[in-house]
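Welcome to a short set of exercises for anyone who likes to reason from atoms. Please load the model in your viewer and try each task before reading its solution.

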Amino acid sequence: MNCIHERARIEKAYAQQLTEWAKRWKQLVEKGPQYGTVEKAWHAVMSEAEKVSELHLDIKSALMNEDFEKIKNWQKEAFHKQMIGGFKETKEAEDGYRKAQKPWAKKLKEVEAAKKAYHAACKEEKLAISREMNSKADPALNPEQLKKLQDKVEKSKQDVLKTKEKYEKSLKDLDHVTPQYMENMEQVFEQCQQFEEKRLRFFREVLLEVQKHLDLSNDVSYKNIYRELEQNIKTADAIEDLRWFRANHGPGMSMNWPQFEEWSADFNRTLSRREKKKASDGVTLTGVNQTGDQASQHTKHSSHLSVPSNTVQSLQSSYNPFEDEDDTGSTVSEKEDNKIKNVSSSEKNQSYPTEWSDEESSNPFSSTDANGDTNPFDEDASPAMEVRVRALYDYEGQEHDELSFKAGDELTKTEDEDEQGWCKGRLDNGQVGLYPANYVEAIQ
């Protein structure tokens with residue numbers, strides 16, 4: 001029972017470790033630079049760990065709820081405890097052997113006593129003969145003393161004969177009860193053998209059940225886990241991932257280049273920086289330029305497209321960052337007025353030609369993104385506040401612009417986390433580079 005209980009604890013601990021490992025690395029992969037089908041394949045490895053963890057928890061439950069309980073119940077049925085200690089079955093076996101041995105053991109004691117007496121008589125006879133032989137060679141002894149020695153020899157010989165006869169008789173009596181003794185002992189022995197056979201057969205049965213619970217190689221769900229894992233990994237396609245990255249983050253991504261816009265007298269209000277950064281519930285995109293078939297389809301519909309603000313986090317306001325500050329302010333003012341006019345016009349079911357644009361579409365060179373962050377091209381952008389951080393794990397830089405550090409090392413964070421989960425920092429030796437944001441924690 002202790003053996004099975006310890007194995008169940010091991011299975012539970014292993015399952016918990018697999019779950020914790022899968023949870024931790026799933027978060028790291030999600031926050032890391034992986035993408036596409038390779039990221040899905042990597043997640044499949046963590047899913048495998050979670051599913052195997054469930055199987056090992058099932059093993060733990062089977063060991064404790066089935067095998068452990070089965071042995072426990074069998075013990076109660078097969079071994080009954082006594083008030084004075086020990087088991088009833090043990091006492092019955094010992095009493096059975098003792099009862100079968102009692103008659104024969106009594107005769108055996110008589111044989112041992114007769115044997116001891118016979119050997120003592122033989123020893124005494126030998127001593128008497130030796131003394132008599134020595135006295136014949138001693139002229140100092142008188143005839144009376146010599147006669148006493150001879151009488152002693154004669155008496156010892158008679159004692160030897162008597163003890164020998166008694167010894168032989170006790171042996172015959174012992175031989176007479178030996179068959180009955182053997183029969184009684186064998187009966188008790190067979191009873192113990194039958195009890196032991198039940199125990200051995202039960203243990204064999206339980207161990208086979210334990211083997212079935214531990215053996216995952218014959219479990220269909222276990223095989224399906226690794227069949228599915230293999231399929232998920234094999235579906236990883238480097239060409240497909242590169243094509244996706246090119247279309248979303250490379251030369252193939254959609255562009256919205258600056259275009260010529262006519263001046264309007266209605267552009268007469270200038271927004272403050274606080275108003276520019278103020279979040280709105282939604283934005284109205286107009287005149288988004290399309291390429292190919294999309295452009296021809298777009299001209300058939302209204303130029304107005306309402307999009308919730310949370311879906312255009314990647315869009316950036318399109319006023320030109322290369323203009324002076326004053327020009328920039330007037331441009332924003334004009335954009336805001338146009339936006340208001342567009343909303344009111346839309347309410348009246350009026351449409352504008354697609355050539356007209358409010359410039360709130362995504363300009364990749366915008367000086368202010370949708371979240372109100374400063375333009376990375378502005379030279380006068382204020383640097384981020386430096387923060388001291390401590391490494392939680394070891395990290396070895398994979399590129400020339402990445403930092404390497406050990407768990408417990410301290411460094412200075414100079415730029416906050418970007419969309420890919422990377423921060424910029426500086427080591428105490430002056431080296432500057434990038435590192436994963438989730439590998440450090442701020443020093444309080």
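The exercises below move from the whole chain to single residues, and the model they use is a predicted one.

**Exercise 1. The whole protein**

Task: Describe the secondary structure, the burial and the surface of the protein.

Solution:
- Step 1. Begin with the elements: the protein has nine helices and seven strands.
- Step 2. Turn to burial: of the 444 residues, 28% are buried.
- Step 3. Look at the outside: about 31,300 Å² is exposed, and 52% of this comes from carbon and sulfur atoms.
- Step 4. Finish with the contacts: among those between residues at least 6 apart in sequence, 67% join residues at least 24 apart.

**Exercise 2. A residue in α2**

Task: Find out whether A49 is buried or exposed, and which residues A49 touches.

Solution:
- Step 1. Locate the residue: A49 belongs to helix α2, which covers residues 36-78.
- Step 2. Apply the cut-off: buried means under 20% relative accessible area. A49 has 2% relative accessibility, so A49 counts as buried.
- Step 3. List the contacts: leaving aside residues up to four places away in sequence, A49 touches L18, W21 and A22.
- Step 4. Compare sequence with space: A15 and A49 are 34 residues apart along the chain, and their C-alpha atoms are 8.6 Å apart.

**Exercise 3. A residue in α3**

Task: Run the test again for E132: is E132 buried or exposed?

Solution:
- Step 1. Place the residue: E132 sits in helix α3, residues 88-136.
- Step 2. Use the cut-off again: the limit for buried is under 20% relative accessible area. The relative accessible area of E132 is 13%, and therefore E132 is buried.
- Step 3. Name the partners: with residues up to four places away in sequence not counted, E132 touches L149, Q150 and V153.

**Exercise 4. The nonpolar cores**

Task: Work out which helices supply the largest nonpolar core, and which of them gives the most.

Solution:
- Step 1. Take the core itself: the largest nonpolar core holds 21 residues, and those with the most contacts inside it are I4, L63, I71, F202, V206 and V210.
- Step 2. Assign the suppliers: α1 (2-31), α2 and α4 (143-214) each provide at least two residues of this core.
- Step 3. Rank them: α2 gives the most, with eleven residues.
- Step 4. Zoom in on one member: V206 touches K70 and I71, again without residues up to four places away in sequence.
- Step 5. Check for a second core: apart from the largest one lies another of 14 residues, including L28, Y395, L403 and W422.

**Exercise 5. The five-stranded sheet**

Task: Reconstruct the strand order of the open sheet and describe two of its pairings.

Solution:
- Step 1. Write the order: the five strands run β6-β5-β4-β3-β7, with antiparallel pairing.
- Step 2. Mark the edges: β6 (432-436) and β7 (440-442) are the edge strands, and each pairs on one side only.
- Step 3. Add the twist: neighbouring strands of this sheet are turned by 50° against each other on average, direction ignored.
- Step 4. Follow β3 (residues 387-391) to β4 (residues 410-415): four bridges join these antiparallel strands, and R388 has T412 as its bridge partner in β4.
- Step 5. Follow β5 (residues 422-426) to β6: this antiparallel pairing has five bridges, with G433 in β6 as the bridge partner of G425.
- Step 6. Inspect the hairpin: β5 and β6 have five residues between them, and in this hairpin G430 takes a positive phi near 95°.

Note on methods. Residues are numbered from 1 along each chain as its sequence is written. This is a predicted model: local features need pLDDT of at least 70, side-chain atom pairs count only at pLDDT 80 or more; totals for chains, interfaces and linings use all residues. Side-chain values use heavy atoms; hydrogens and water are left out. Buried means under 20% relative accessible area, exposed over 50%, partly exposed in between (1.4 Å probe, protein chains only). Contact means heavy atoms within 4.5 Å. A nonpolar core is a set of buried Ala, Val, Leu, Ile, Met, Phe, Trp, Tyr and Cys residues joined through side-chain atoms within 4.5 Å. Accessible areas come from the Shrake-Rupley method with a 1.4 Å probe; for residues, only the protein chains shown count as cover. Two strands pair if DSSP finds at least two bridges between them. Axes are lines fitted to C-alpha atoms, for helices over the stretch in contact, and angles run from 0 to 180 degrees between N-to-C directions.
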